[in-house]
Amino acid sequence: MLLRCKLFGKTYEFRDLREVMGKANEEKSGDHLAGVAASSAIERAAAKYVLSEVPLWALYENPVIPYEQDEVTRVILDAVAQNVYADIRNWTVGELREWLLDNRTTDEDIHRAQQGLTSEMIAAVAKLMSNMDLVLAASKIRVVTHANNTMGLMGTLASRNQPNHPTDDPDGIRAEIYEGLSYGSGDSVIGINPVDDSLASVQRLLDMSYKVIQDWKIPTQNCVLSHVTTQMEAMKRGSPVGLVFQSLAGSQKGNDSFGISVGMLDEAYEIAKKYAVVPGPNYMYFETGEGAELSADAHYGWDQLTLEVRCYGLAKRYAPFQVNSVVGFIGPEYLYDARQITRAGLEDHFCAKLTGISMGCDACYTNHARADQNSLENLSILLAAAGCNYFMGLPMGDDPMLSYQSNSFHDAPSLRQILRLRPLPEFEAWLVELGLWDKDKLQLTDRAGDATLFVR
Amino acid sequence: MIEMLTSQQIDTIIDAVVAEMQKQGVTAAGARMSGRAEGALSLDLADITTPAFRTRSYVEQPGKPEVLRALMQTTPARIGIGHAGPRYRNIPQLVFWADHAVTQDALFKEIDPSLLEQFNLFQVQSQASSRQEYLLRPDLGRKLSDAAVKTLQERCVKNPDVQVYAADGLSATAIEHNLRDVLPVIGQGLEQAGLKMGTPFYVKYGRVGLLNEVNVVVNARVVVCLIGERPGLGRAEAMSAYLGYRPQPDSTDADRDVVCNIFNGGTNPLEAGAYVVEYIKRMLKHQASGIRLKLIEQGEAN
């Protein structure tokens, strides 16, 4: 394999596709930490140039980890529709980029093509996209799912109600749920991260959140984001589970570190179809994040974007109701500052939509990253313009349990107002019924923001 | 910065603050101002980071004010904050900015040298050469610089029962808040138990894993690292104590125990010192720490 180009009279040569893929990335601290980043801006430009001429078949035949050695690779390659792949295998990555951006290329065209794409191809084309390219191309791709309500329709934006509490106090969590609902947050899911991952604790929070949904006839679903095995056990014991959650990694070894496997996820999916308290046909909720594989030493010398996209290839097997990357959570050694977090958030969303899964974003930062509320507000405006399916909703964006900051209960209504977007249709009707949302002006009413509405 | 504002902007700000205070009845709570005339501006505002401002509702005309107060008492999350259009009202926004500011300042703060003098702590540095490099390269924060190895070899007592040291971690502020309480308690507890304590010191740009390297030099039976935690929003004073029994170069988190969230309001610093001493005694008794210690103690209990 010869991978060489010239820029300004100087020759740049790369050993293999792994090196090209790493060096073609926009700069990220995690790629430097892994030793795969370009050593200069011009080397990065050269890698992008070479990558633009790489045919898709070369990426198909050189996955991050060989087929025989990694079950995530097998999931991704086994899902490729060979007839579609045959049509596009000789395209270069650059041709794929221009095709995606072309005004003649429709949502339907992209949905067909994505059946012939692997995660490595999708990651590759993202490396040739500017931020606005990523927004534009993603905005063309709708991925619509349904559990108790309908996610992903053009012109809608959902919000996960994330009512975390440092001691899992059900009264405190319920108060936060009420506050969020009063701002129109909760149409994606009422999703609680528990401190205590034990079965009894998870069951208690499932019961409490489901009761709120039942009492107020809310067209949404609940989820307690514990390890998948705990939720499987809870379902078997009759606990009301709306969505089944798990964090994913992009390699088998990475998933080992999360204590999961494809077999386990297959089983969880079957149990969810049988026991989840939503009509479906989508039942699963996954979270991901660039850098997770490197932190588990399960990255095989590849860059963090490529491994991230492999998570989406795995997620697609389970037709998830929703997926989001927790983009700024992992820390500055992977995404150093607001610029890198913003870039990663846009890449993640585009790549997931091109994979064909319902993608939202936890636009967030930890307190040791060079980022702030302004930068995550910027990212969420960009992503909402890109057609992102949902964001998090937290009390003032501050998670007192996980100690990080994300989008606020106030952000979804602000984005809806700025960009003329609606809550999910069933949930919007419910908000209107409660007098919280003006569906003509697309804004909150004067009644909004008063949690006591939900205390009878 | 006030000088840089036009008088019109100042009027706008004053109008907003006055309106806010009238709505909230804040004046009685202590926010004060006078002299609105141009050229005679005098602002003397109350501390909005105090509980009086944090626990107050900012919802305009809640349906059930007493219920809202009860809801707000169930959680430290920022609920009951009201809204201006779909955005935040002024006071909650200003409090949030202040909270974020203290976490940022803590992260980039250097330790107060007088604290090190008070406890006679000398300072060494990890292989990270700057705060930025420390954040970008966790591996360097787990290694001692050559100069640090040399200094520890020269100044530290070797083969003690217990080596205690402090490191900034992600908040030197946390060390400043807690070291005065924790270190004497540990020292006294070890003395009462007849245990020999090594020479304490301070590490700049240190991460938890550095305790493996420290023990290569000092060869203690138990090593204790007091380290600043990643700041939470508005809370930069939380410290952790990580402990390991005979840490080796390849020891991991699974080989360590931790007393975390040490600050006034979390794990009380004096009590935390006592916990640390208890842990040390258990580690010495069972010659183990981390998961091994847990398994041994579970086995004894059964």
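Chain organisation and local features of the predicted model

Among contacts in chain B between residues at least 6 apart in sequence, those joining residues at least 24 apart make up 68%. The corresponding share for chain A, again among contacts between residues at least 6 apart in sequence, is 76%. Both values refer to a predicted model.

Chain B contains twelve helices and eight strands. Of its 302 residues, 48% are buried. Its accessible surface amounts to about 14700 Å², and carbon and sulfur atoms account for 51% of this area.

Chain A contains 21 helices and 16 strands. Its radius of gyration is 21 Å, which agrees with the value near 23 Å that a compact globule of 456 residues would have. Along the principal axes, the C-alpha atoms of chain A occupy a box of roughly 75 × 45 × 45 Å. Buried residues constitute 66% of the 456 residues of chain A. The exposed area of chain A is about 15200 Å², with 49% supplied by carbon and sulfur atoms. Chain A carries 41 positive and 60 negative charges, and the mean positions of these two sets lie 3 Å apart.

Two domains are assigned in chain A: domain 1 covers residues 3–139, and domain 2 covers residues 145–454. The contact between them involves 45 residues from domain 1 of chain A and 45 residues from domain 2 of chain A. The domain centres, taken over C-alpha atoms, are separated by 28 Å.

Helix α9 of chain A spans residues 119–127, and nine of its nine residues are buried, so this helix is largely enclosed by the rest of the structure. The buried residues of α9(A) include the charged-type positions E120(A) and K127(A). Also buried in α9(A) are S119(A), M121(A), I122(A), A123(A), A124(A), V125(A) and A126(A).

A second helix of chain A, α13, comprises residues 228–236 and contains Q231(A). Q231(A) counts as buried because its relative accessibility is 1%, against a cut-off of under 20% for burial. When residues up to four places away in sequence are not counted, Q231(A) touches C223(A), V224(A) and S226(A), together with V241(A), L243(A), V244(A) and F245(A).

Backbone geometry was examined next. Most residues other than glycine have a negative phi, and most peptide bonds are trans. In chain A, the peptide bond from G280(A) to P281(A) is cis, and its omega is near 10 degrees. P281(A) is placed in the loop between α15 (262–275) and β9 (284–288) of chain A.

In chain B, positive phi values occur at Q61(B) and N219(B). For Q61(B), a residue other than glycine, phi is near 45 degrees. Q61(B) sits in the loop that runs between α2 (51–54) and α3 (65–73) of chain B. With 77% relative accessibility, Q61(B) counts as exposed. N219(B), likewise not a glycine, has a phi of about 50 degrees. This residue, N219(B), belongs to the loop between α10 (210–218) and β6 (222–228) of chain B. The relative accessible area of N219(B) is 38%, so N219(B) is partly exposed.

Strand β6 of chain B, which follows the loop holding N219(B), includes C225(B). C225(B) is buried, as its relative accessibility is 0%. Leaving aside neighbours within four places in sequence, the contacts of C225(B) are with Y165(B), A167(B), L211(B), S240(B), A241(B) and Y242(B). C225(B) lies 36 residues from N261(B) in sequence, and the C-alpha to C-alpha distance between C225(B) and N261(B) is 14 Å.

Helix α12 of chain B covers residues 290–301 and contains K294(B). At a relative accessible area of 53%, K294(B) is exposed, the cut-off for this class being over 50%. K294(B) and D257(B) are 37 residues apart along the chain, and their C-alpha atoms are separated by 9.5 Å.

Note on methods:
Residues are numbered from 1 along each chain as its sequence is written. Chains are lettered from A and ligands numbered from 1 in the order in which they are written. This is a predicted model: local features need pLDDT of at least 70, side-chain atom pairs count only at pLDDT 80 or more; totals for chains, interfaces and linings use all residues. Side-chain values use heavy atoms; hydrogens and water are left out. Helices (H or I, at least four residues) and strands (E, at least two) are DSSP runs, numbered from the N terminus. The radius of gyration is taken over C-alpha atoms; the globule rule is 2.2 Å times the number of residues to the power 0.38. Buried means under 20% relative accessible area, exposed over 50%, partly exposed in between (1.4 Å probe, protein chains only). Contact means heavy atoms within 4.5 Å. Accessible areas come from the Shrake-Rupley method with a 1.4 Å probe; for residues, only the protein chains shown count as cover. The place of a charge is taken as NZ of Lys, CZ of Arg, CG of Asp or CD of Glu. Domain bounds come from an automatic or database domain assignment.
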